[in-house]
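The exercises below are meant to be worked through with the sequence and the model side by side. Try each task before reading its solution.

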Amino acid sequence: MKKAFLSTGLLLITILILPLFISPFLVYLSTEILVFAIFAMSLGLIMGFGGMPSLGHCALFGLGAYTVAILSEYTANIYLLLGAAILISLCFSIVTGYIAIRNKGVFFLMITLAFTQVLFLITSRMKFWGGNDGYSASVTANFGFGEITSNMGLFYMMGFFFVLSYFLLKLFVNAPAGKVLKGMMENEGRMIALGYNPKTYKMIAYLIAGSMAGLAGGLYIYKTQFVSPALFSVHMGAEVMIMVFIGGLGTVFGPALGAGAFVFLQNYISTMTDRWPLILGLLFIAIVLLKRGGILHLIQFVTTFGLKLFKPSRSRNAPVDKQVKGKEQAS
Amino acid sequence: MTLLKIEDLNKSFKALHILKDVNIEIKKGERHVIIGPNGAGKTTLFNCIYGTLPLSSGKVYLAGDRIDHIPSFKRTEKGMGRTFQKNNLFEELTVEENVRLAIMGKKKYRLNMIKPMQNYTDLAAECRRLLEEWEMIDRRAVLVKELSYGEQRLLEIILSLSTNPEIILLDEPTSGMSPTETSRFVKLIKKIPESITLVIIEHDMEVVFSLANKITVLHHGTAMMTASPEEIRGNQMIQEIYFGGGALSHD
Ligand SMILES: Nc1ncnc2c1ncn2[C@@H]1O[C@H](COP(=O)(O)OP(=O)(O)O)[C@@H](O)[C@H]1O
Ligand SMILES: [Mg+2]
């Protein structure tokens with residue numbers, strides 16, 4: 001608990017002071033990064049702690065986005081809108097999760113993809129809500145403290161939800177249910193012999209991840225003001241999976257870093273060269289070849305290695321500032 | 001009192017008829033050892049009793065209740081524990097973490113999603129008691145993958161004991177153990193109270209005769225005979241099949 005509070009506190013402070021050090025464009029870009037960070041962390045939970053690689057996690061994100069976009073015609077209350085986004089994603093997760101968690105590995109991947117394809121087809125035929133061309137919404141966030149219109153305001157809004165999501169996930173993975181989930185991923189047969197019902201724990205994780213992705217999708221609209229069936233594309237499903245991979249599978253924070261790296265590179269490199277997919281591909285291959293290691297693991301490796309150089313005698317007791325980066329070690 | 005009853009159990013893998021009309025009754029408190037050459041179907045029998053594999057036909061009763069149709073994790077809840085022939089542990093976790101995860105299986109708070117697992121003091125206390133009992137307390141902080149093979153075998157048993165079972169199925173617990181580890185193991189097994197019934201698949205005849213008070217001989221998927229150790233020792237046919245040819249020694 002202490003550790004979760006500590007790392008959340010540090011994350012919160014980082015978010016609070018970050019805009020002081022970065023350019024306005026980066027603040028704008030970070031808004032998107034934070035939304036995708038929530039999205040990627042939620043997928044990271046089922047992929048890295050539950051062994052459920054969903055290629056259709058974007059379905060929940062897309063549903064959240066469509067829910068807010070469509071309902072914003074009738075109400076501007078952000079609590080209602082985000083609540084509805086979470087609820088709809090949760091309902092969809094209950095139905096699809098019930099079927100999907102009975103499968104493993106490639107079959108899980110394909111089933112989740114299939115559900116998403118269904119949504120893709122439905123939304124592209126939904127002429128009333130824009131069909132293939134997408135649907136523009138005009139939403140302004142207002143939590144009761146006035147309208148949030150500036151980029152800085154949006155950044156802090158997304159930052160708040162990001163830190164909250166991080167904290168909740170951190171609690172979950174260290175609590176009994178999270179530990180059981182991880183044990184299930186590592187050795188399901190043994191967990192069953194210990195009296196645990198695998199479906200219960202997988203379903204819990206699937207629902208948490210689904211609701212969180214729905215929330216991220218709902219938040220996304222406040223930045224883009226636009227939804228389209230592309231949210232349900234294989235492309236989208238694969239992109240968020242790549243974020244999890246390059247950030248660090250099996251950690252809470254890794255996928256957030258992955259989202260950051262992905263969005264950042266996409267925006268920067270694509271202005272310099274149109275070979276951006278190639279560079280991303282190479283990065284992805286390198287990380288997959290390194291096996292399971294993402295950016296977070298790399299940072300951990302470098303910090304422990306660096307510490308060994310400086311303090312050969314006490315290399316195991318990392319000072320606090322290093323532990324921030326290595327904070328996922330415990331989970 | 002009969003605790004575990006196996007009635008007309010048959011198991012086939014497609015055309016392979018592995019277990020044929022197996023009938024075994026195991027009484028409460030018994031140390032029931034199952035012997036038989038490799039491929040006789042002993043592990044398959046355990047998998048059928050525990051529900052890891054579905055039966056082709058037959059019935060399994062635990063304390064009078066039919067259990068052959070309920071999922072495995074529910075059999076654990078009903079008081080059945082098992083170990084695996086091949087070590088089946090959480091290799092990346094420490095000994096202590098393995099045991100805690102095992103003990104937590106019967107706790108209501110296993111579904112808690114907020115409070116860190118390490119803050120449950122009852123879990124820590126029970127874990128410590130169990131590890132002390134099994135002389136593994138010094139190894140509590142070691143990663144399981146770094147344990148010796150014999151220690152891992154022992155941890156298998158500790159994990160199966162963590163669920164408070166009434167009956168434990170032990171699949172070749174001493175396989176791969178050194179002679180020292182084996183004698184230490186026998187000593188520890190003898191300390192398990194009679195309230196816990198043991199069913200043990202075992203190849204080492206010395207271990208068999210020092211633990212068993214009932215022996216079942218499984219041969220080509222048939223329970224040829226269930227009898228006391230003395231009767232098994234005195235039986236001419238069994239002597240010829242197993243002790244003469246040395247077919248019981250594990251390859
Ligand atoms: N899942 C399976 N599919 C097909 N055949 C199997 C399977 N499991 C075991 N067998 C076969 O069943 C027979 C008995 O195996 P097993 O129960 O492991 O024997 P034992 O434990 O007595 O050495 C062997 O011939 C084995 O090849
Ligand atoms: Mg066997």
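**Exercise 1. The metal site**

Is Thr43(B) buried, partly exposed or exposed? Then find the ion that Thr43(B) coordinates, and place the donors along the chain.

Solution. Keep in mind that this is a predicted model.
- Step 1: the relative accessible area of Thr43(B) is 26%, and since partly exposed covers the range between 20% and 50%, Thr43(B) is partly exposed.
- Step 2: the magnesium ion (ligand 2) is coordinated by OG1 of Thr43(B) and OE1 of Gln85(B), at 2.0 to 2.3 Å.
- Step 3: Thr43(B) belongs to helix 1 (residues 42-50) of chain B, whereas Gln85(B) is in the loop between strand 6 (80-82) and helix 3 (95-104) of chain B, so that the pair, 42 residues apart, links distant parts of the chain.
- Step 4: Gln85(B), with a relative accessible area of 27%, is partly exposed.

**Exercise 2. A helix and its surroundings**

Compare the span of helix 9 of chain A with the expected one, and work out why this helix can be called largely enclosed.

Solution.
- Step 1: helix 9 of chain A runs over residues 198-224, which makes 27 residues.
- Step 2: from the first C-alpha to the last, helix 9 of chain A reaches 39 Å, which is close to the 39 Å expected at 1.5 Å a residue.
- Step 3: because 23 of its 27 residues are buried, helix 9 of chain A is largely enclosed by the rest of the structure.
- Step 4: just after helix 9 of chain A comes Gln225(A), which takes a positive phi of about 60°.

**Exercise 3. The nonpolar cores**

Which residues touch the most other members of the largest nonpolar core, and which helix gives the most to this core?

Solution.
- Step 1: the largest nonpolar core has 156 residues, and the members that touch the most others are Met157(A), Phe162(A), Tyr222(A) and Trp134(B).
- Step 2: helix 2 (residues 24-49) of chain A gives the most to this core, with 17 residues.
- Step 3: when residues up to four places away in sequence are not counted, the residues that Phe162(A) touches include Leu11(A), Ile15(A), Leu34(A), Met41(A) and Phe253(A).
- Step 4: there is also a second, separate core of 27 residues, which includes Ile24(B), Phe46(B), Ile201(B) and Leu218(B).

**Exercise 4. Aromatic rings**

How many aromatic pairs are there over all chains? Take two pairs of rings in chain A, and decide how each is arranged.

Solution.
- Step 1: the count over all chains comes to 19 aromatic pairs.
- Step 2: the rings of Phe39(A) and Phe61(A) have centres 4.3 Å apart and planes at 20°, so this pair is stacked, given that planes under 30 degrees apart count as stacked.
- Step 3: since Phe39(A) lies in helix 2 of chain A and Phe61(A) in helix 3 (residues 58-71) of chain A, the pair ties together parts that are 22 residues apart in sequence, and both Phe39(A) and Phe61(A) are buried.
- Step 4: for Tyr66(A) and Phe232(A) the centres are 5.7 Å apart and the planes at 25°, so this pair too is stacked.
- Step 5: Tyr66(A) lies in helix 3 of chain A and Phe232(A) in the loop between strand 4 (226-227) and helix 10 (234-247) of chain A, so the pair ties together parts 166 residues apart in sequence, and Tyr66(A) and Phe232(A) are both buried.
- Step 6: ring pairs also link Phe25(A), Tyr28(A), Phe264(A) and Tyr268(A) into a cluster.

**Exercise 5. Charges over rings**

Which ring lies under Arg102(A), and which under the charged end of Arg233(B)?

Solution.
- Step 1: Arg102(A) lies over the face of Tyr98(A), 4.2 Å from the ring centre.
- Step 2: the charged end of Arg233(B) sits over the ring of Phe209(B), at 4.0 Å from its centre.

**Exercise 6. Positive phi in chain B**

Where is Asp8(B) found, and where does Lys14(B) lie?

Solution.
- Step 1: Asp8(B) is found in strand 1 (residues 2-13) of chain B, and although Asp8(B) is not a glycine, its phi is positive, at about 45°.
- Step 2: Lys14(B) lies in the loop between strand 1 and strand 2 (16-27) of chain B, and Lys14(B), which is not a glycine either, has a positive phi of about 50°.
- Step 3: Asp8(B) has a relative accessible area of 39% and is therefore partly exposed, while Lys14(B), at 86% relative accessibility, counts as exposed.

How values were computed. Residues numbered from 1 in each chain as written. Chains lettered and ligands numbered in written order. Predicted model: local features only at pLDDT ≥ 70, side-chain atom pairs only at ≥ 80, totals over all residues. Heavy atoms only, no water. Helix = DSSP H or I, 4+ residues; strand = E, 2+ residues; numbered from the N terminus. Expected span 1.5 Å × (residues − 1). Buried < 20%, exposed > 50% of the residue type's maximum accessible area, 1.4 Å probe, protein only. Donors = N, O, S within 2.8 Å, 3.2 Å for Na, K, Ca; no water. Core = buried A, V, L, I, M, F, W, Y, C linked by side-chain atoms within 4.5 Å. Contact = heavy atoms within 4.5 Å. Phe/Tyr/Trp six-rings, centres within 6.5 Å; stacked < 30°, edge-to-face > 60°. Lys NZ or Arg CZ within 6 Å of the ring centre and 35° of its normal.
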